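Work through the exercises below with the sequence and the structure at hand, and compare your reasoning with each worked solution.

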Amino acid sequence: MEQELRKEASKLLEEGKVDYIVGFAPGSLKFSTTPLITKEKEEVASLVINPFIVNNLAKFLTEVLGRVGIVAKGCDSRSIVSLIQDNQVVRENVVIIGVPCSGLIDIVKVEKLVGKDRNEIDDIALQGEKVAVIVGGEKTELPTKKVLFDNCLGCEFPTPQEYDILIGEPVDTTCNRELGQEKMKELEGMTPERRWEFWKYQFSRCIMCYACRQVCPACFCERCFIEESEPQWVLPVSKWQDNLIFQVIRNIHVAGRCTDCGECERVCPVNIPLRSLTKKMYGLVNEMFHYEAGTDKNAPPLMTAYEYEETKDLIR
Amino acid sequence: MTTKKISKKDIGKLLEGWSRELTVFVPSKDKGVTEMAKWDGKDTSFLEWYRNTAIPAKASFLPASEKMFSFQKNTDGYHLELSKDQQKRIVFGIRPCDAKAMAIIDKVFTDSYEDPYYLSKRNNTILVGLSCTNPYDSCFCTSLGVEPTESADVDLMFTDIGDEFLIEEVTDRGKELMTIAVGAKEATKADDAKAKAVKVAVSGMLLRKVDTKDIAERLQACFSDKDYWEKVAAKCISCGICTFLCPTCFCFDICDELVKKQGTRYRGWDSCSFRLYTKMPMENPREEKWRRVRQKVCHKYEFYPMNFDVIACTGCGRCIRLCPVNWDITQILSSLPASVTSHSDK
């Protein structure tokens, strides 16, 4: 698959169909990858496809100038489509190199299960229902369901719906939508008071690095409301109230754009379970408007369209 | 230097004794992230899991956000009430890279102005170091002249020698603290030798290297190489992780919270990765991402050494380990172009 990807990417550059290739290269740490943004044909040889291609590269489409050939997993392709819907990306300027995805391995889950840090693990191999982990020469088999990212477990579109080139065969979608929602379900089961306390505590730990916003393809605003100084909506020092307001507003802003790629939660350096919020919003969008973000490039963006039917239970 | 030793199973008693006199901070993961936090009085399990904290020990001296003072407007003018933190503390288990980082940022907080908030905490805190015997693959401290078992920047240094820790009494403050240490014994020559062997062995474990020779000059030479900086900045997402969690990044922002006629002044971490950091009414000198990335690298490896004779990096590797896109400063420093002739675009 990697060979095919490199060949296609190199061809795109050679034939002048794109100015840049955006994909994944091996990272500098074990079991890591890093975004590769290049116009050099030679660098395309380092493109990889593996269960550690975690980033949602659609994020870079609003930055990289010119025509771009972009490697996209299912969720990434939805983000690209969503950006097209929002007029942030011109479809003709993008060559989507679709990569069917069998789920990404959450290295933190592996670390916890084997009790070792990433650099102490020799090998991790995704083999269907099992993941083989080798530590100190000894092999342990873990159920795949225990080590994939939560958002991958319930992924509805592992194969890109929108693509120009598809690398490899489509992945079967026999997903169980209910999977990977334990944290959210637990929160739903709480009393409002307890849930309030939960988020109050979580947001008291926020260090305001804004990695959640920066990594999110749906957060494409030129200027975020929290950067306004007149009026100053939130203080530039960490207070749980302000951090909560930031996340609530961010969630409303990305409603109908969020494709549940899980990047916000993955990158949070203090491990705030942000996907519990985005997934909830994702579900609400689905339930209230029968809308799935980034599945139809010709559909108007959720918040710009209005149907009379929607008024019925809009306010409740 | 005099040395003592203590059995690992007596660490609880030792901390308990110390916590009667001072507030003890230890590595903790109670709040969902690894950081230095007030010891709960019993748990010493960090001795097993602790490698280094995600949030550096600098947060104990320059917190993510802190209250500077409160103020109130009365008929006779403004009344200020300074917040004073005079708590006597021990930070137990700080790694040599993070301790060196404190020595590095001391320079900026004592330069032309003595920062009372930082210094009161710094002066009231005894650093008890813990030799690093299991560095991450992202660590590159030895390239910055920091040994993973270096005792230069702590008051006491603990080194794992099997069932016991060897304790080096580095400073007078450290010696004084040892006078109230429960469970410590005199170390033998054999213990010293064991610690020495550990130190040599760990130093060899650091495989990630950066050539820091003439680094300031080399950065200066490629300062105007826009193509280079654009290329290395391309994948950066401009979040604050690498700077906030860097033990030597010290930038902060100040703001007032006002409620009617009274208010509070806070300060909190700020980051040169943010576009807002340099935003001014008319323009922004670092509007483009590559300029911000260049600033971060150059500040650490070029400007700080120019001002204070020391590189503002200790090779702790957090910026590599915790980066959402695996932006790796060691790769950047190893790939600097030789020099460019054009100086048109600064």
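**Exercise 1: the two domains of chain B**

In chain B, the C-alpha centres of domain 1 and domain 2 lie 26 Å apart, the domain bounds being those of an automatic or database domain assignment. The model is a predicted one, in which local features need pLDDT of at least 70 and side-chain atom pairs count only at pLDDT 80 or more, while totals for chains, interfaces and linings use all residues. Residues are numbered from 1 along each chain as its sequence is written, and chains are lettered from A in the order in which they are written.

Task: find where the two domains run and which helix of domain 1 gives the most to the side that touches domain 2 of chain B.

Solution. Begin with the bounds: domain 1 of chain B covers 3-55 + 71-203, and domain 2 covers 215-334. Next, take two residues to be in contact if their C-beta atoms, placed from the backbone, lie within 7 Å; 22 residues of domain 1 of chain B then touch 20 residues of domain 2 of chain B. On the domain 1 side, strand E4 (65-74) and helix H3 (96-109) of chain B are the elements that give two or more residues, where helices (H or I, at least four residues) and strands (E, at least two) are DSSP runs numbered from the N terminus. Finally, H3(B) gives the most to that side, with eight residues.

**Exercise 2: chain A against chain B**

Task: state how many residues each chain gives to the contact.

Solution. Chain A gives 28 residues and chain B gives 34 residues. The largest share of the chain A side, three residues, comes from E2(A).
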